[in-house]
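The following paragraphs lead the reader through a protein structure, from single residues to sheets and charged pairs. Please keep the sequence and the model in view while reading.

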Amino acid sequence: MYIDRSRLVRLLLAGVFAGLVIYFIFNPGMVAYEEKHSFQIDFGDPEGSLRALKQIQDEESGASALLLMAVFSGAFAAMLGGTLTLADEVFSPPKRIALRMGVAVVVGLVVGGLSGLIAQVLFASMLNVSFLLLLPARIIGWATFGLGAGAGLGVALGSSRRALMCMLGGFIGGCLGGGLFDIIGAITMFVTQTGSASRFVGFTVMGIAVGVTVAFVEDMAKRSWVTVLSGPKEGRSFILSKPETTIGRDELADIPLFGDPRVAKRHASLLMQGYMVTLQGTGGSVAVNGAQMPSAMLRPWDVITVGRWSLRFHQKGQRHAAPAGFYAQPYAHPTPQPFYVPPNQTMVQPAVRAATGSLALAATSGPHLNQRFQFGPGTVRIGREAGCAILLSQDTVVSRNHAELSWNGSGWVVRDLGSRNGLWVNGVRVTEHTLTVGDQIGVGQTWLRVEGL
């Protein structure tokens with residue numbers, strides 16, 4: 001499973017920020033409420049705690065409690081949804097950010113407020129049955145406004161499927177935060193007379209949990225996506241979750257590509273039917289693996305070029321065969337496609353034998369097509385920097401120091417040097433791999449085949 005780590009970190013930090021903001025806004029009022037009623041849950045005397053809770057409920061009107069919970073959960077969901085959306089759109093123009101954040105905040109307020117009302121009713125009803133239901137009641141309550149936060153982000157992303165995934169992530173995050181709240185309270189009850197410590201940890205953990213689980217659930221559920229290989233958004237992934245995903249300079253495009261006048265506002269579309277994804281030029285020329293064409297059905301690892309932007313297509317599985325000749329042809333030389341077997345053909349794998357001390361690489365696709373590299377035992381680097389022995393200066397997607405090949409006495413090992421777009425061997429992303437003759441190394445837009453001398 002490949003996780004978009006930069007997005008994961010952004011959503012995690014956004015969750016922390018949202019949790020801390022909500023804590024500093026609402027905690028003073030909650031502390032004053034606790035001091036007014038001189039109430040603290042005593043886990044050693046559950047029956048006494050339950051009687052105290054019921055006494056407070058009798059003193060306070062039901063409408064007042066419902067209103068307070070609706071305001072709190074709506075604000076929390078709006079803050080989480082807004083900050084998560086900001087983190088997801090941080091590289092977009094201000095107009096796009098403002099629009100999507102506005103949608104996330106409004107949806108968070110509405111869904112979070114309604115879920116808060118439901119949570120309060122369930123919480124009170126479960127506590128009336130038994131004090132032992134405090135923990136599950138708290139988990140259900142927190143999970144509901146976590147769901148509201150996920151809904152805000154999901155609706156802002158403009159896809160019903162992604163909205164469901166985000167809501168599921170928010171629900172899971174809310175469960176984690178709610179479960180920790182009373183556990184922290186039990187640990188700190190002898191140190192503090194209020195629930196400040198529980199809320200600080202609970203709100204922060206819930207923010208982190210919602211952000212992280214939203215990212216993980218979305219990445220686990222995705223089937224097709226594209227990754228930006230070059231341009232200001234290099235390394236960012238866009239999940240394909242709608243029948244039509246638009247590409248262009250329009251601020252509302254699903255895959256916005258700004259800063260290049262050659263890119264039209266509605267330049268191209270990605271049409272998805274099950275596992276079949278077709279690139280369709282709608283407002284300008286597009287290229288797949290260097291060949292311009294009006295439309296093409298995409299295969300895993302295909303490189304799409306729109307103006308000066310390059311995007312790589314990824315897919316977890318392919319279940320439908322396309323008509324022969326329908327796929328794009330890469331560079332006029334076949335790019336290795338380990339996930340794809342053309343109709344009525346047999347994929348023949350070369351005989352595998354360990355690479356020896358002398359090694360040769362041949363470029364089988366990309367800007368350096370047919371170029372060969374040969375060297376003896378030692379350590380060599382692959383990249384765009386002048387000092388690299390395997391210099392791929394024409395491949396703008398390759399990092400300056402992308403990968404390293406080293407002879408360890410018994411075999412050749414290729415290692416990723418922290419490149420932005422990763423190191424691939426035989427179609428699988430790796431950080432380190434011991435090579436055998438016939439292996440296909442993918443860096444940027446270039447494939448290098450290992451050949452023995």
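Asn27 has a relative accessible area of 8% and is therefore buried, since buried means under 20%. In this predicted model, Asn27 is found in helix H1, which covers residues 5–37. Leaving aside neighbours within four places in sequence, the contacts of Asn27 are Ile22, Ser196 and Arg199.

The protein as a whole has 453 residues, of which 52% count as buried. Its secondary structure comprises seven helices and 22 strands. Among contacts with a separation of 6 or more, 59% are between residues 24 or more positions apart. The accessible surface comes to about 19800 Å², and carbon and sulfur atoms account for 62% of that surface.

A second helix illustrates the outside of the protein. Leu117 belongs to helix H4, residues 94–129. With a relative accessibility of 32%, Leu117 counts as partly exposed. Together with Val106, Leu109, Val110 and Leu114, Leu117 makes a nonpolar surface patch of about 420 Å².

Nonpolar residues also gather in the interior. Which residues touch the most other members of the largest nonpolar core? This core has 23 residues, and those with the most contacts to other members are Val226, Ile255, Leu257, Leu270, Leu279, Leu298 and Ile304. Two or more residues each are given to this core by strands E1 (224–230), E2 (237–240), E5 (268–273), E6 (276–281), E10 (303–306) and E11 (309–315). Leu279 offers a detailed view: not counting residues up to four places away in sequence, Leu279 touches Ile247, Ala268, Ser269, Leu270, Val286, Val288, Pro294, Ser295, Ala296, Leu298 and Ile304.

The strands around Leu270 may now be followed one by one. In general, strands of a sheet pair through backbone hydrogen bonds, either parallel or antiparallel. Strand E3, residues 244–248, runs antiparallel to E5, and four bridges join them. Within this pair, Thr245 stands opposite Leu270 of E5. E5 also pairs with E6 in the antiparallel sense, over six bridges. Here Leu270 stands opposite Leu279 of E6, and both of these leucines are listed among the core residues that touch the most other members. The hairpin of E5 and E6 has two residues between the strands, and Gly274 in this hairpin takes a positive phi near 65°.

A positive phi also appears elsewhere in the chain. Most residues other than glycine have a negative phi. Asn370, which is not a glycine, nevertheless has a positive phi near 75°. Asn370 is located in the loop between strand E12 (359–365) and strand E13 (372–375). Is Asn370 buried or exposed? At 56% relative accessibility, Asn370 counts as exposed.

Another sheet is open and consists of five strands in the order E15-E14-E16-E17-E20, with mixed pairing. Its edge strands are E15 (390–391) and E20 (432–434), each of which pairs on one side only. E15 runs parallel to strand E14 (residues 379–383), to which two bridges join it. In this pairing, Ile390 of E15 is the bridge partner of Ile382.

The final topic is charge. Side chains of opposite charge can pair when their charged atoms come close. How many salt bridges does a search of the whole structure find? The search finds seven. One of them joins Arg415 to Glu432, with the closest N and O atoms 3.2 Å apart. This pair links distant parts of the chain, for Arg415 lies in strand E17 (residues 412–416) and Glu432 lies in strand E20, 17 residues apart. Arg415 is partly exposed, at 28%, and Glu432 is also partly exposed, at 47%.

A second salt bridge is formed by Asp254 and Lys242, where the closest N and O atoms are 2.9 Å apart. The two are twelve residues apart: Asp254 is in the loop between E3 and strand E4 (255–256), and Lys242 is in the loop between E2 and E3. Asp254 counts as buried at 18% relative accessibility, whereas Lys242 counts as partly exposed at 21%. The two values fall on opposite sides of the cut-off of 20%, which is why the two residues are classed differently.

A third salt bridge, between Arg449 and Glu451, has its closest N and O atoms 2.6 Å apart. Arg449 is partly exposed, with a relative accessible area of 28%, while Glu451 is buried, with 16%. Both residues belong to a network of salt bridges that also includes Arg372.

Conventions
Residues are numbered from 1 along each chain as its sequence is written. This is a predicted model: local features need pLDDT of at least 70, side-chain atom pairs count only at pLDDT 80 or more; totals for chains, interfaces and linings use all residues. Side-chain values use heavy atoms; hydrogens and water are left out. Patches are made of residues with over 30% relative accessible area and no salt bridge: like charges are joined within 9 Å, nonpolar side chains (Val, Leu, Ile, Met, Phe, Trp, Tyr) within 5 Å. Accessible areas come from the Shrake-Rupley method with a 1.4 Å probe; for residues, only the protein chains shown count as cover. A salt bridge is a side-chain nitrogen of Lys or Arg within 4 Å of a carboxyl oxygen of Asp or Glu. Buried means under 20% relative accessible area, exposed over 50%, partly exposed in between (1.4 Å probe, protein chains only). A nonpolar core is a set of buried Ala, Val, Leu, Ile, Met, Phe, Trp, Tyr and Cys residues joined through side-chain atoms within 4.5 Å. Contact means heavy atoms within 4.5 Å. Two strands pair if DSSP finds at least two bridges between them.
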